[in-house]
Amino acid sequence: MTPGRLDSAQRLDDALARLPGSIEPARDLWPAIEAQLEPRDVRAGRRWLWPAAAAAVLLVAGSSLITANLLRREDSAVARQLPASGRLTYAAAAFGPGQTLDPTYDAARQELARSLAARIERLPPDARQQLERNLAELRRASAEINAALELRPGDALLEELLLNTYQDELAVLASVDQLTGGNGAGTTTDPTRMQL
Amino acid sequence: MTIRFYATPATKPTAWLPALALLVMVPAADAGTPINERAAADPTGKVEVSNTAGSVVVTTWPRNEVEVTGSLGTGAEGLEFSSVDKLTRVKVNLPERSSRVEGTSLIIKLPAGSSLAVNTVSADVSAKGVRGQQRLQSVSGDIHTEAAAEDVECKTVSGHVTVAGTGQRGLLTVTTVSGDATVTSVAGEVNGNTVSGNFTITMGDTSRSRLRSTSGDLGLKGHVAQDARLDFESISGDVRLDLQGPVGAEFEMSSFNGQIRNCFGPKATRTSEYAPGSELRFREGQGTARVRIKTLNGDISVCNK
Amino acid sequence: MAEQGTESEFERARRAAEERALVESAKRGATSAFAALYRNHLGKVYGLCLRMTANPATAEDCTQEAFIQAWRSLPSFESRSAFGTWLHRIAVNVVLAHGRRRREQLGTDASAEEEAVTLADPSVGDEGAVLDLEQAISRLPAGARQALVLVGLYGHSHEEAAAMLGIAVGTCKSQLHRARQLLGERLAAQEAGR
C-alpha cells in the first residue's frame, strides 16, 4: 500500500473508531417490546417481596383499613379461581404474579367469613342474595385485576386498585358482621320464620 | 338499671321520671297497637333505636325529652324503652319463634343536640334536625338524614342512602354494598364506599371527599372548593364530574381500560402505545384543589357545566 | 469505538457481575430486570440494526424484534458467553431475516442490489460537505455494509461475524475489504474536490 493510501486507510480507521457504538432510536421502543413479553411460569426458588408500605394486617370490627405484606404464591391459578357463588369460601388472596397477601390477612378474612356464614343465614333472602352477589362481584374484581397484573406486574395503578378491593371486601364482611350481630336487630328471631 | 313491665292495653302505664325511666309496651296481641311513651333526656344525650322491620322516623323538638309514638307491628313481643343517665334506648323485641312479624312504626322526637344510633334490618330510617353524631344502619331499609356539624355514618347492605347537608361542616361516611347514595350540599368531609351502588354527590363546601366503588358509578356535581382534596376510585364503575363555576384545581386521572374524557382541553395520553392504560394530568385555573381519579375499566369524564 | 474509554478492570468486573444478576433475574421472569438489560443494550443493538439496514424505521422494528426474541430465548442462554454478544447475534439474525423477507416480497435479486451503489461518484452525497461517514456506510452494498458494521464498528472477529452472517470467513474478509475500499475512494474523492 502506498503512503497516500496508508494515510487514507488510517484516516478511515480513525474515523470509524470515532463513530459512536450506541445510537438511541427516535422513539421509545420499550412499550411495544414489553407488551409482547410473555410471562414466565416461575416455580423455582423463593421470591419474597416487601412493598415499601408493608405493615401488619389489622382487622377491627367495622374497620376498613388493611395494608399488605406480599409473600410468595405457590400457584397463581388457585388464587384466580372464584369460589362458587353463594358460599363464603376464599382461595388465598393473590396480589399479582408470584405473590399473595400476608397469611394474617387471609386468616382474618377466613375467620370473618366463617363467623358471617351463620349470620348471613339470618338475613332476609333478598338481602342475603344481594350480599352474596356483591361479594362475588368483589372477588371477580380482584381476579380481573390480578389477571391484569400478570400482564403488567408491578403496575402501580393496578396494585393500588387491588389492595383497595381487598380492603373493601374486608370492610363489607365487617360491616355485615356488625349489621347482623351484636346490635339486636334481627338477631333474636328465628330467621327461618321471619318474613319481612 | 332496666326494669321491664308488661301491661294489658287497658291499663297501660306511663311512667315519666327524670333521669331514670323505663317503659315497655304491651305485647302486641292485636295489630297496630299504639305506642305512646316519653321520658326525660339529656339535651346532648344518646338515643339508641333498634327496630327490625317497619319504619323509624326521628325528628327533633325543643324539649329535653324523648318521645316515642307509633304502632307496634303484629307479632312483636313488645317495646323496650329505657332512659338512664344520658342514654335512651328504644328497642322493638321480637319473639324467638314467630310465624309472622309485621313491621313496627316508630316515630321518635328527641332533643336536637342528641346523638342518634339506629339499627334496623328492613325498616326504613328517616332523621331530621339531629345535630349530634349519627350512626344509622340498616340491612335493606333506606336511610334519609341530614348532616350537621358532627359525624354522620350511614351503613346499609342494599338500602338506599340520602343525606342532605345543613351548611355545617362535619364528617359524613356512607357505606353500602349495593345501595345507592345521594348526598347533597354536605360541607366538610364526605367519604363513601360501595360495591355496586351508584353514588351521586352534589358538593356543598366539601373540603375532602374519598369515594370508592367496585362496579357502581360515582358522580360528583357542583363547585370544587378551594384547597379541596377529592379522590375517587372505581374498578368498573364510571366516574363523572360535572363541575360548576370557576375551577381551580390540579387534576390527575388514570385508567387501565377506561376512556378519559376531559372537557377542559388537555387530552389523555396512553401510558403505553401497545398496552392498556391512559392518564391525564393538568391544572385548570389558579386554585389549589386536587382531584384524583383512578379506575380499572370505568370511564372517566370531567366537564364543567 | 468511541465509548470504550478507560474503564478500570474493577469497573468492568462490577458491571459484568451486575449484568449476570440481571440476566438470571430476567430468566426467572422478572420483566423489570429485562427492562434494565434493554436500557443497557438498546443503543448498541439499535446502532447495529440501523447501520446494517440503513433505514431507521426498519432498524426500530428489528430492534424490537431482537429484544422480544431475546426474552423468549433467554431461558436457554448460558451465562458463559457475554450477553451482549448473544444479543447482537439475535439482532443480526433478525436483520438478515428481515432482508430475506423484503427480497422475497420485492422479488429483487440480491446480487443486483449489491452492485447498485457506487460511492466514487462525487455527485453522490453533499457537495463540499465533510464526509458523512454514517451516510456513506448506509450507502454501501448490503454485504459489505454488514461485514463492516460487525467487524469494523462493533469489534467482532471475522469468525464471529461470518457465523452471524451465515457466510464463509473468507467471504466476510472480502466484503470487509470491499467496504473499506469504497469508503476510502469516497474519502479520497471528497478531499480531491476541495
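Buried residues account for 37% of the 196 residues in chain A of this predicted model. As for secondary structure, chain A has six helices and two strands. Walk along the sequence and they come in the order α-α-β-α-β-α-α-α. Now look at the contacts in chain A with a separation of 6 or more: 63% of them link residues 24 or more positions apart.

From there, turn to where chain A meets chain C. On the A side, 30 residues are in contact, and they touch 31 residues of chain C. Which elements of chain A give two or more residues to that side? They are α1, covering residues 3-18, and α2, covering residues 30-35. Of the elements, α1(A) gives the most, with eight residues. Sort the A side of this contact by class and you get 18 nonpolar residues, along with six polar and six charged ones.

Cross over into chain C and find helix α7, which runs through residues 142-153. Is this helix mostly covered or mostly open? Mostly covered: twelve of its twelve residues are buried. Start at C:A142, C:G143 and C:A144, and you are already among buried residues. Carry on and you pass C:R145 and C:Q146, both buried too, and then a buried run of C:A147, C:L148, C:V149, C:L150 and C:V151. The helix finishes with C:G152 and C:L153, which are buried as well. Just past the end of α7(C), have a look at C:G155, where phi is positive, at about 70°.

Next comes the partner helix, α8 of chain C, at residues 158-165. How do the two helices sit against one another? Two packed helices are described by the angle between their axes and the distance between the axes. Here, the axes of α7(C) and α8(C) come within 9 Å and cross at roughly 135°. Because angles over 145 degrees are needed for roughly antiparallel, this crossing makes α7(C) oblique to α8(C). As for handedness, α7(C) passes α8(C) in a right-handed crossing.

To see what makes the contact, pick out C:Q146, C:A147, C:L150 and C:V151 on α7(C). Facing them from α8(C) are C:H158, C:A161, C:M164 and C:L165. By class, this helix-helix contact has six nonpolar residues, two polar ones and no charged ones. The α7(C) residues in the contact, C:Q146, C:A147, C:L150 and C:V151, are also on the list of buried residues in that helix.

Conventions:
Residues numbered from 1 in each chain as written. Chains lettered and ligands numbered in written order. Predicted model: local features only at pLDDT ≥ 70, side-chain atom pairs only at ≥ 80, totals over all residues. Buried ≥ 20, exposed ≤ 12 C-beta atoms within 10 Å, placed from the backbone. Helix = DSSP H or I, 4+ residues; strand = E, 2+ residues; numbered from the N terminus. Contact = placed C-beta atoms within 7 Å. Axes fitted to C-alpha atoms, helices over the stretch in contact; angles between N-to-C directions. Parallel < 35°, antiparallel > 145°, perpendicular 65-115°, else oblique. Left-handed = near helix turned anticlockwise from the far one by under 90°. Nonpolar A, V, L, I, M, F, W, Y, C, P; charged D, E, K, R; others polar.
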